[in-house]
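Reader: I would like a close look at one part of this model, the way its helices pack against one another, together with the residues that sit in and around that packing. Please take the time to connect the geometry with the individual side chains.

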Amino acid sequence: MPRIEWSDKLSVKVNVFDNEHKKLIDMFNRLHDAMSQGQGKDVLAEILVELSDYTKTHFGHEEDAMKKYDYPGLAGHRKAHEEFISKLTDAQVQYNNGSTVLSIPMLDLLWSWVQNHIKKIDQSYSDFFIKHGVK
Ligand code: FEO
């Protein structure tokens, strides 16, 4: 799995959410680097916790804004967030209970999900938030 570089192709045209996505990408890259460098279990577990906490924070921010402006796609978007949190929690449990090596397929799955979520589901709110002056 390669490192991920943020680009305009991932932009949702809302600065506050682009910045949060950049932070999430940075955490994935740190996890990637730590794995590549063979860092210890404690380091990887710490990054996973940080990633999980920040993902929940970010999802909350998006959902709060959707509620505030009565975004019609809120229910579906929230469901997608819940599915991802579930996958991330599974990865944490698997890692904490399993081998000392974090599952590459699991990390790959998580990262693919994030990219697809940003490019498809998140980007579909761009016009709505721009219209409501969210920056
Ligand atoms: Fe940026 Fe819907 O997560």
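Author: What follows goes through the helix pairs and then the residues placed on and between them.

The model is a predicted one, and the values below are computed from its atoms.

A good place to begin is the pair formed by helix α1, residues 15-36, and helix α2, residues 41-68, whose axes come within 10 Å and cross at roughly 165 degrees. Since an angle over 145 degrees counts as roughly antiparallel, α1 and α2 are therefore described as roughly antiparallel to each other. The handedness of this crossing is left-handed. On the α1 side, the residues that meet α2 include Phe17, Leu24, Met27, Phe28 and Leu31, along with Glu20, Lys23 and Arg30. On the α2 side, the residues that meet α1 include Val43, Leu44, Ile47, Leu48 and Leu51, and also Glu50, Tyr54, His58, His61 and Glu62. Sorted by class, this contact of α1 with α2 is made up of 14 nonpolar, four polar and five charged residues.

The next pair is α2 with α3, where the axes come within 11 Å and the crossing angle is roughly 170 degrees. By the same cut-off of 145 degrees, α2 and α3 are therefore also roughly antiparallel to each other. Their contact, again by class, has 12 nonpolar, six polar and six charged residues.

Glu62, one of the α2 residues that meet α1, also leads to a residue of the third helix, because the side chain of His77 makes a polar contact with the side chain of Glu62 at 3.2 Å, and His77 is buried at 2% relative accessibility. His77 lies in helix α3, which spans residues 74-97. Once neighbours within four places in sequence are left aside, His77 is in contact with Glu62 and Met66, and further with His117, Ile121, Asp122 and Tyr125. Of these partners, Glu62 belongs to the set through which α2 meets α1, while Ile121 and Asp122 have numbers that fall in helix α4, residues 104-122.

A second buried residue with a side-chain contact is Asn29, which is found in helix α1. Its relative accessibility of 5% is under the 20% limit, so Asn29 counts as buried. The side chain of Asn29 reaches the backbone oxygen of Ile4 at 2.6 Å. Apart from residues up to four places away in sequence, Asn29 touches Arg3 and Ile4.

Two further positions link helices to other parts of the chain through C-alpha separations. Lys56, in helix α2, is partly exposed, with a relative accessible area of 43%. The C-alpha atoms of Lys56 and Glu82 are 9.3 Å apart, although the two residues are 26 residues apart along the chain. Asp108 is found in helix α4, and at 34% relative accessibility Asp108 counts as partly exposed. The C-alpha atoms of Asp108 and Pro2, which are 106 residues apart along the chain, are separated by 9.4 Å.

Asn96 gives a different kind of spacing. Asn96 has its place in helix α3 and is partly exposed, with a relative accessible area of 47%. Not counting residues up to four places away in sequence, Asn96 touches Lys41 and Ala45, and both of these numbers fall within the range of α2, residues 41-68. From Asn96 to Ser126, by contrast, there are 30 residues in sequence and 37 Å in space, taken from C-alpha to C-alpha.

Finally, two residues outside the helices deserve a careful look at their backbone. Lys13, in the segment before α1, has a positive phi of about 65 degrees although it is not a glycine. With a relative accessible area of 53%, Lys13 is exposed. Asp70 lies in the loop between α2 and α3, and Asp70 likewise has a positive phi, of about 60 degrees, without being a glycine. At 65% relative accessibility, Asp70 counts as exposed.

Conventions:
Residues numbered from 1 in each chain as written. Predicted model: local features only at pLDDT ≥ 70, side-chain atom pairs only at ≥ 80, totals over all residues. Heavy atoms only, no water. Helix = DSSP H or I, 4+ residues; strand = E, 2+ residues; numbered from the N terminus. Buried < 20%, exposed > 50% of the residue type's maximum accessible area, 1.4 Å probe, protein only. Polar contact = N/O pair within 3.5 Å; in protein donor to acceptor, adjacent residues only side chain to side chain. Contact = heavy atoms within 4.5 Å. Axes fitted to C-alpha atoms, helices over the stretch in contact; angles between N-to-C directions. Parallel < 35°, antiparallel > 145°, perpendicular 65-115°, else oblique. Left-handed = near helix turned anticlockwise from the far one by under 90°. Nonpolar A, V, L, I, M, F, W, Y, C, P; charged D, E, K, R; others polar.
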